[in-house]
Each structure stands twice: as C-alpha cells, then as structure tokens.
Amino acid sequence: MDGQELQAFIDGYNAAWNDHDVEAIVSMHTEDSVFENHVTGDVNIGREQIGHAITSIFAVFPDLSFEARRSYIAERTREP
C-alpha cells in the first residue's frame, strides 16, 4: 500500500467513525484485528467483537466525533 492509498484508508476509517457507521468500520478490520478500548481496558478480537464494542461506544457517547490535527505518512524503506 503506498502513501496515497494509506491516506485514503485512514480518511475512510475516520469518516466511518464520525458517521457512526459500525458496518463500515468493521469492514476495515480483519478477523484477527484487535481493538482495545483504553478507557475500559476491554480487548476485542475479530469483526464481531469489534462491532459490538463500537456499537456500545456509540450508545454511551452518541455525539462522539474526531478531528484529525495532523497526519504523517512516509514511505517505508526496505533494507536489501
């Protein structure tokens, strides 16, 4: 994935969170993704658990939104 593709993914993920679109958020995770809620300490693994966690977050915080301040993306260099 190059920098532009990564930025598009990040933008889509952020937009899904701000739209409270649980289905879109979950679709950007894999079955072995780990989502840790640093407030509660809950660890959720896989799309189903992540979907339940995010649904719960939106229930508790119905006005939750995020605003990006800065984004730094650099091409990764590979050693030979």
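Strands are DSSP runs of E at least two residues long, numbered from the N terminus. With that in hand, N44 can be placed in strand β2, which covers residues 43-45. We will come back to this residue after a look at the whole chain, which is a predicted model.

Let's start with how far the prediction can be trusted. The mean pLDDT of the protein is 92, and 96% of the residues reach 70 or more. Helix α1 (residues 3-18) has the lowest confidence, with a mean of 93, while α2 has the highest, at 98. It helps to keep one general point in mind: where pLDDT is low, the predicted coordinates should not be read in detail.

Now for the overall layout. The protein has three helices and two strands, and along the sequence they come in the order α-α-β-β-α. Taken along the principal axes, the C-alpha atoms fill a box of roughly 45 × 25 × 20 Å. Of the 80 residues, 22% are buried. The exposed area comes to about 6,500 Å², with carbon and sulfur atoms supplying 51% of it. As for contacts with a separation of 6 or more, 40% of them join residues 24 or more positions apart.

Back to N44, then. Is this residue of strand β2 buried or exposed? Its relative accessible area is 13%, and buried means under 20%, so N44 counts as buried. Setting aside neighbours within four places in sequence, N44 is in contact with S33, V34 and F35, and also with Q49, I50 and A53.

The aromatic residues make a good next stop. The structure holds five aromatic pairs. One of them joins Y13 and W17: the ring centres are 6.4 Å apart and the planes meet at 65 degrees, so this pair is edge-to-face. Because Y13 and W17 are four residues apart in helix α1, about one helical turn separates them. W17 is buried, at 8% relative accessibility.

W17 also pairs with F66, again edge-to-face, with 5.8 Å from centre to centre and 90 degrees between the planes. This pair links distant parts of the chain, since W17 belongs to helix α1 and F66 to the segment after α3, 49 residues apart. How exposed is F66? Its relative accessible area is 46%, so F66 is partly exposed. Stepping back, F9, Y13, W17, F35, F58 and F66 form one aromatic cluster.

Two members of that cluster, F9 and Y13, lead us to M28. M28 lies in the loop between α2 (22-27) and β1 (34-36). Leaving out residues up to four places away in sequence, M28 touches F9, G12, Y13 and A16. With a relative accessible area of 26%, M28 is partly exposed. The C-alpha atoms of M28 and G3 are separated by 17 Å, and the two residues are 25 apart along the chain.

F9 also brings us to the surface, where it forms a nonpolar patch with M1, L6 and I73. Together these residues have about 370 Å² of accessible area. I73 is found in the segment after α3 (46-60). Why does I73 qualify for the patch? Patch residues need over 30% relative accessible area, and I73 has 31%, so it passes that cut-off while counting as partly exposed.

Technical notes: Residues are numbered from 1 along each chain as its sequence is written. This is a predicted model: local features need pLDDT of at least 70, side-chain atom pairs count only at pLDDT 80 or more; totals for chains, interfaces and linings use all residues. Side-chain values use heavy atoms; hydrogens and water are left out. Patches are made of residues with over 30% relative accessible area and no salt bridge: like charges are joined within 9 Å, nonpolar side chains (Val, Leu, Ile, Met, Phe, Trp, Tyr) within 5 Å. Accessible areas come from the Shrake-Rupley method with a 1.4 Å probe; for residues, only the protein chains shown count as cover. A salt bridge is a side-chain nitrogen of Lys or Arg within 4 Å of a carboxyl oxygen of Asp or Glu. Buried means under 20% relative accessible area, exposed over 50%, partly exposed in between (1.4 Å probe, protein chains only). Contact means heavy atoms within 4.5 Å. pLDDT is the predictor's confidence in each residue, from 0 to 100. Rings of Phe, Tyr and Trp (its six-membered ring) pair if their centres lie within 6.5 Å; planes under 30 degrees apart count as stacked, over 60 as edge-to-face and the rest as tilted.
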